[in-house]
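Q: Please take me through the reasoning behind a few of the labels attached to this structure, setting each value against its criterion.

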Amino acid sequence: MSFVRHRLFWPAAILVALLASNIFFSSGFFSITVHDGHLYGSIIDILRRSAPLILVGIGMTLVIATGGIDLSVGSVMAISGALACLLIGDLDNQNSVTGVLLACAAGIALSLVLGIWNGALVASIGIQPIIATLILMVAGRGIAQLITDGQILNVTSAPYKVIGAGYTIALPVSVLIAAGMVAIAVVLTRRTALGLLIEAVGGSPTASRLAGIQARRLTIMVYVFSAICAGIAGLIYSSNVSSADSNAAGNLIELDAILAVVIGGTRLTGGRFSLAGTVLGAVLIETLNVTTVSIGIPVETTLLFKAIVVIVLCLVQSAAFRAKVLRRPSRVGASA
Amino acid sequence: MGSRPPVLEMTGIRKVFPGVTALDDVDFRLLPGEVHALMGENGAGKSTLIKVLTGVYGTDGGEIRLGGAAVLFGSPLQAQQAGISTVYQEVNLCTNLSVAENIFIGREPRTLGRIRWAEMRRRAVELLARLDLTLDVSAPLSTYSLAIQQMVAIARAIDIDAKVLILDEPTSSLDASEVAQLFAVMRRLKDAGVAILFVSHFLDQVYEVADRMTVLRNGRLIGEYRTADLPQMQLVARMIGKDLEALEELESQPRSSARELERGPLIAKAVGLGRTGGIAPFDMEIHAGEVVGLAGLLGSGRTEMARLFFGADRADTGHLEIDGKPLVLRSPRTAMAHGIGFSSENRRTEGVVAELSVRENIILALQAARGWTRPIARRRQDELVDKYVKALNIRPADPDMPVRNLSGGNQQKVLLARWLITEPRLLIIDEPTRGIDVGAKAEIQRIVAELADGGTAVLFVSAELDEVLRLSHKIEVLRDRRLVEELDNTDDVDADRVMRTIAGGVAQ
């Protein structure tokens, strides 16, 4: 029964339960078919829809691991998508691959700058992360509006459309991009000492300082990484709908991202983090969204339904709660 | 004075925490109109006794009588209502509210829920007048000095019709003139019949203001004395727990062979180094292969001095010279780059990172020095960790166990291992043996001696005098945040001699 003790056991179990519940409402839920060399099916669809949340979530994970939080991810998504669409719209030939790549690079570069802004506010000036990133969360929507001149910018660019809605080697491009960023994050944190140092700073800032860790530089790095992830997610979002909508892009995604991080077992107080857990959490949230539709929850009550599932999930994940319900002493809780 | 019945009498108080008896059969009496000092070293049980008295903790035995009647307080509020008021070390007030609001917060005079501001201000002025203070009671508390804030806290405490006033380390953040002001207030209250329980680690202050004192050690009552009958020297001996004969006996024991030392090259030199509120400017030299011990009571500035050598706090006067070159320590990282290591006295909050594993904690400083791009290969990590887990006998010997599951002594060894693998030239160790068992203590002492034999300079801070005497080549004695004497630890230096200097006045 050692797998029950694994910290990702409970979220994984709930994900499986949610997926399984769909079978009663749509019989073809688990079937994956091949059309024109592309995989289709509800599972693939869930993965595709999860891609932006996975991206934003892994950035958020590293920020939260240092004891911070990044509320500005949704705004960064909007800004990055807006800049890319603006530049593509100005192209003579919107189907120019080079032009589209440059536009995407510009969106990501601007996100990087925004990440430096967040990081500098937190690490160099010492503003509390929730306040520091709230600035960009609010102001960012305005910046995006400024870029799009208050309009919804539509583009008709086939190469741009590929990012969010295209396929390659049988899989959605957005899923591959998200997988690639997850791989980069894992390598950066676990193949170098970055992960250890981040966990040390989040676990005990004072002890870390006295061990000679330069928390300031690390903090700026994680905010930059988070912003880059959000910037890429913004490209995927806007590419999928071939337009830049400054208000809708990444709206409230920061809440889902924080939820994905927490479901994945990373504590909001910082310290130990789990990228795999966050990916699991993001997929779980997207599955929940799909499930509310497929089991026919009325639109007015979807948020309530989601909230209830999230509360149940959190309770089930809590060792102390399980012990109370099962009326036996909690060994897990005692050692924690 | 002894003829009056005590206002407060605690008899046979016992308090047990899991694994440790904090108070064992302790008696304590407080007479009306006296200032009574509760003395003892860190961990002696002073704060536990106060918490039992004020209802923060329950008792596991014994009786508390207030004004002759047996009482048992379930909460600090009940104790307060019965006339026992406490002013804690940290001023527990809201500095953004006015003086009057602070005094009456939660007890404002009201009519139909509306606060009668004028009456509140008038009563605040009257109350402060009892302490001989004239303040603008409408001004925010933050406009007044810490000493005044302390007095406001006292004013708040005595308005609750206090029979007993407990002052826990009230002077630790005050300067000399502020202390004098506080003492004047204490005397005034004493004359008005209030019994004051005073806790302070400044011996001179205790002798200045206290009428009687009760000494605790390791949770036991050592004795109750009139201040006039107990010389400072004897008080220190009772607090530390060595009577003078025993101390002399200890002197006759053979000392570490490492004491005959050929001085290595100068590593670090402090020139007028100091920090306001921490340690007065001092000069000191540390040579390679030398153990320099810092001796002094808790709060004498030992830790503050040690931290300046590492840049854990920034000095505001003087400077440090490393290898003869002046160096400004902006952060611990600068110190580490010059081969200095520092193991903090607060091993839980400033030392280990509790949720990380033993292995991760051990490599942390070395990894931080290398930067994140140059990870220590896992095989090298395992080698280093294995070596030090064995060498320091860290138990359980499981490198992947979270450090929080280890005992204090083993956490301390993990912390030492962290610095040993960085191969420092100067290692600063603050209270490595506090709260750990005898075996681990001996091991840590052995490591310190070996380090020095190997040419490392060690700055060793400990509250235990025998330990400092046994290990150090040179002893720096501190009193009241000041370096008062430097002693070469030759054969004619003994605990008695050091204690005289610590106690003050009777040096030579």
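A: A salt bridge is a side-chain nitrogen of Lys or Arg within 4 Å of a carboxyl oxygen of Asp or Glu, and that criterion is applied here to a predicted model.

Q: What makes the pair A:R272 and B:E360 a salt bridge?
A: The closest N and O atoms of A:R272 and B:E360 are 2.6 Å apart, and the cut-off is 4 Å, so the pair meets the definition. Between chain A and chain B the count is two salt bridges, and eight residue pairs are in polar contact.

Q: Which elements give two or more residues to the side of chain A that touches chain B, and which gives the most?
A: They are α8 (173-191), α9 (194-203) and α10 (205-210) of chain A, with α9(A) giving the most, six residues. By type, the residues on this side of chain A divide into 12 nonpolar, nine polar and five charged.

Q: How is the size of the interface between chain A and chain B described?
A: The size of an interface is often given as the accessible area lost when the parts come together. For chain A and chain B this buried area is about 2,100 Å², with 64% of it on carbon and sulfur atoms. Within the area that chain A buries against chain B, A:L196, A:L210 and A:R272 supply 29%, more than any other three residues. Counted by contacts, 26 residues of chain A meet 29 residues of chain B.

Q: Why is B:T48 called buried?
A: B:T48 has a relative accessibility of 11%, and buried means under 20%, so B:T48 falls on the buried side of the cut-off. B:T48 lies in helix α1 (residues 46-53) of chain B, and, leaving aside neighbours within four places in sequence, B:T48 is in contact with B:K15, B:F17, B:A22, B:L23 and B:Y57.

Q: Why is strand β10 of chain B described as largely enclosed by the rest of the structure?
A: Five of the five residues of β10 (residues 195-199) of chain B are buried, so the description follows. In a regular strand the side chains alternate between the two faces of the sheet. Both faces of β10(B) are covered, with buried B:A195, B:L197 and B:V199 on one side and buried B:I196 and B:F198 on the other.

Q: How do you know that β3 and β9 of chain B pair with β10(B)?
A: Pairing requires at least two bridges, and β3 (residues 35-39) of chain B has three to β10(B), while β9 (residues 164-168) of chain B has five, so both qualify. Each pairing runs parallel; B:A37 has B:F198 as its bridge partner, and B:V164 stands opposite B:A195.

Definitions and conventions: Residues are numbered from 1 along each chain as its sequence is written. Chains are lettered from A and ligands numbered from 1 in the order in which they are written. This is a predicted model: local features need pLDDT of at least 70, side-chain atom pairs count only at pLDDT 80 or more; totals for chains, interfaces and linings use all residues. Side-chain values use heavy atoms; hydrogens and water are left out. Buried means under 20% relative accessible area, exposed over 50%, partly exposed in between (1.4 Å probe, protein chains only). Helices (H or I, at least four residues) and strands (E, at least two) are DSSP runs, numbered from the N terminus. Contact means heavy atoms within 4.5 Å. Buried area is the accessible area (1.4 Å probe) that two parts lose on being put together, summed over both. A polar contact is a pair of N or O atoms within 3.5 Å; within protein, one must be able to donate a hydrogen and the other to accept it, and residues adjacent in sequence count only if both atoms are side-chain atoms. Ala, Val, Leu, Ile, Met, Phe, Trp, Tyr, Cys and Pro count as nonpolar, Asp, Glu, Lys and Arg as charged, and the others, Gly among them, as polar.
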